[in-house]
Amino acid sequence: MAENTVIQCNNLDLTFETNDGPVHALKGIDLTIDQGEFVSFIGPSGCGKTTLLRVIADLEKPTGGDIQVNGMSPEEARMKRAYGYVFQAAALYPWRTIGGNISLPLEVMGIPKSEREALIKKNLELVNLDGFEKKFPWQLSGGMQQRASIARSLSFDPDMLLMDEPFGALDEIVRDYLNEQLLELWAKTKKTVVFVTHSIPEAVFLSTKIVVMSPRPGRIHEIIDCDLGDNRTLDIRETPRFIEIAHQVREGLKLGHADEH
Amino acid sequence: MPMSIKREGFAAILHDRLIPIGTVLLAIFALWYVFTVVLNAPFERDQAERAGVEISTSELISKTMAQKRPILPAPHQVAVEIWETTVEKKITSKRSLIYHTWVTLSSTLLGFALGTGLGILLAVGIVHSKVLDKSLMPWIITSQTIPILAIAPMVIVVLNAIGISGLLPKAIISMYLSFFPVAVGMVKGLRSPEVMHLDLMRTYNANRSQVFWKLRWPASVPFLFTSMKVAVAISLVGAIVGELPTGASAGLGARLLSGSYYGQTIQIWSALIAAAVLAALLVMVIDLIGRSVTRRMGVVA
């Protein structure tokens with residue numbers, strides 16, 4: 001394992017036992033993710049992209065193969081609080097204010113109150129939500145709630161951000177805006193980001209590496225380098241290189257789908 | 001299309017609350033008076049026949065509402081009785097309805113507190129342990145299938161034998177009834193957090209007690225108050241039932257019992273009304289506390 005490798009999967013397998021028999025969610029996953037990369041998992045539903053993210057987060061246990069996170073098992077990494085996780089929905093606790101929600105992981109981790117306040121303020125600023133600390137989640141729009149949930153996942157300064165279709169439920173305009181903000185955030189914090197999506201433009205716009213997955217059994221079809229450089233703006237989506245990569249991803253998805261027939 | 005008018009302030013209360021509630025109340029009173037006349041009339045006819053006098057309808061009706069021991073007392077007779085035993089009697093008097101209500105209220109409140117505590121404890125155990133879930137739940141349900149009237153005397157006798165008497169045995173009967181809705185409601189409440197909210201705690205490597213205090217407990221608060229509203233009302237029932245087998249000398253149950261011994265139906269009905277008013281007040285208090293707590297927890301009322 002190279003020094004700057006954060007996640008390493010070798011021949012990873014996961015089979016769910018269900019009432020309708022076993023479901024092969026992941027099969028033969030080989031993947032390496034390096035420090036500071038922005039990696040997207042893309043694929044149709046049922047391709048195991050969320051499951052793979054959950055395995056990295058130790059929310060699911062693999063049934064075969066090997067996976068290391070920061071050179072240890074996912075469980076050890078989770079116990080060391082190696083990552084912040086952002087769910088499909090904001091999953092804010094409705095009885096806590098926005099500030100209280102960002103404070104939640106800090107409280108669980110036993111960070112003293114005086115430090116918590118500074119961290120809440122800093123992370124709200126990071127997602128442009130300063131001034132909303134005392135508001136309750138229902139008083140915020142969907143996009144703002146998701147930003148608050150990103151601030152919550154960053155509050156304890158993990159090295160890695162795992163994001164499961166965080167903007168999937170938002171409209172196009174909000175999504176574009178949040179994508180730009182996320183890239184800024186990534187440039188500022190230099191964190192490793194693993195990002196699950198089913199949107200091709202989103203994956204190409206954000207990532208340094210795109211993992212194209214295909215379903216039944218869930219497996220990696222192709223890994224595409226996304227060399228669009230730093231400091232991307234939304235305009236980049238009009239450039240030939242962007243269109244070329246997007247085309248490559250689309251072809252990959254098509255071929256991945258074709259395999260099963 | 002009918003226009004909907006937005007009313008505010010007193011007009012809104014009048015329209016949304018007072019008019020509908022008042023209408024129902026008037027209907028109940030009207031029906032009550034009808035039954036008073038119908039049920040008490042045979043006695044008056046009988047009396048008239050024995051005395052060998054003719055009785056006019058208007059005379060009959062007014063007499064049915066002025067009997068000393070009517071089968072069904074008229075509302076105003078009950079109202080007068082309540083007035084006389086509350087306002088016109090000293091609170092320390094054995095004939096004061098307020099005194100008797102207080103006696104019942106004290107064991108209701110103690111039983112309700114014990115029952116709520118027991119219900120919460122059972123729910124916490126059931127949610128956190130599969131063994132308790134499998135072993136306790138059937139017993140909890142069985143406990144409620146046994147009529148309280150059958151258990152109450154035994155509880156009183158057994159506790160008396162070990163030297164416990166007075167407030168506590170009644171409170172225990174009331175606890176026996178009131179723990180049930182709290183236990184069932186809180187099991188549901190403590191299990192109410194979404195999977196995502198639980199997963200989130202897992203990603204923070206939170207321990208069980210953190211998951212409980214920061215997630216399960218706050219999530220269950222609305223369930224707690226809903227079940228407490230049911231529990232407080234049946235706590236009162238438990239306290240009254242607890243007063244019956246002892247031949248207790250004080251309390252609403254004692255009033256009901258002595259009223260039935262001596263055929264004092266007016267006394268029985270005024271004790272019943274007192275119990276109903278008390279139950280309504282208790283439920284309202286719990287509701288108000290519940291509302292203010294959930295409002296502070298960011299819930300839109």
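**View 1. The largest nonpolar core of this predicted model, with its best-connected residues.** This core counts 79 residues. Look for Ile56(A), Leu162(A), Ile210(A) and Val249(A), the residues with the most contacts inside the core. Zoom in on Ile56(A) and you'll find it touching Ile7(A), Val69(A), Pro74(A), Leu162(A) and Val194(A), once residues up to four places away in sequence are left out. There's another core apart from this one, made of 47 residues, and Ile126(B), Leu190(B), Leu278(B) and Leu282(B) are among them. As background, nonpolar side chains tend to be buried together in soluble globular proteins.

**View 2. Where chain A meets chain B.** Chain A puts 20 residues into the contact, and chain B puts in 15 residues. On the chain A side, α2 (74-79) and α3 (98-108) each chip in at least two residues. The largest share belongs to α3(A), with four residues. Sort this side of chain A by class and you get 16 nonpolar residues, one polar and three charged.

**View 3. An open, three-stranded antiparallel sheet in chain A.** Reading across, the strand order is β2-β1-β4. β2 (21-34) and β4 (64-69) of chain A sit at the edges with a single partner strand each, so one side of each has no neighbour in the sheet. From one strand to the next, the twist averages 20 degrees.

**View 4. Closer in on the pairing of β1 and β2 in chain A.** Here β1 (residues 5-18) runs antiparallel to β2(A), and the two pair over ten bridges. For one bridge to pick out, try Phe16(A), whose partner in β2(A) is Val23(A). In general, strands of a sheet pair through backbone hydrogen bonds.

Definitions and conventions. Residues are numbered from 1 along each chain as its sequence is written. Chains are lettered from A and ligands numbered from 1 in the order in which they are written. This is a predicted model: local features need pLDDT of at least 70, side-chain atom pairs count only at pLDDT 80 or more; totals for chains, interfaces and linings use all residues. A nonpolar core is a set of buried Ala, Val, Leu, Ile, Met, Phe, Trp, Tyr and Cys residues joined through C-beta atoms within 7 Å. A residue is buried if 20 or more other C-beta atoms lie within 10 Å of its own, exposed if 12 or fewer, and partly exposed in between; C-beta atoms are placed from the backbone. Two residues are in contact if their C-beta atoms, placed from the backbone, lie within 7 Å. Ala, Val, Leu, Ile, Met, Phe, Trp, Tyr, Cys and Pro count as nonpolar, Asp, Glu, Lys and Arg as charged, and the others, Gly among them, as polar. Two strands pair if DSSP finds at least two bridges between them. Axes are lines fitted to C-alpha atoms, for helices over the stretch in contact, and angles run from 0 to 180 degrees between N-to-C directions.
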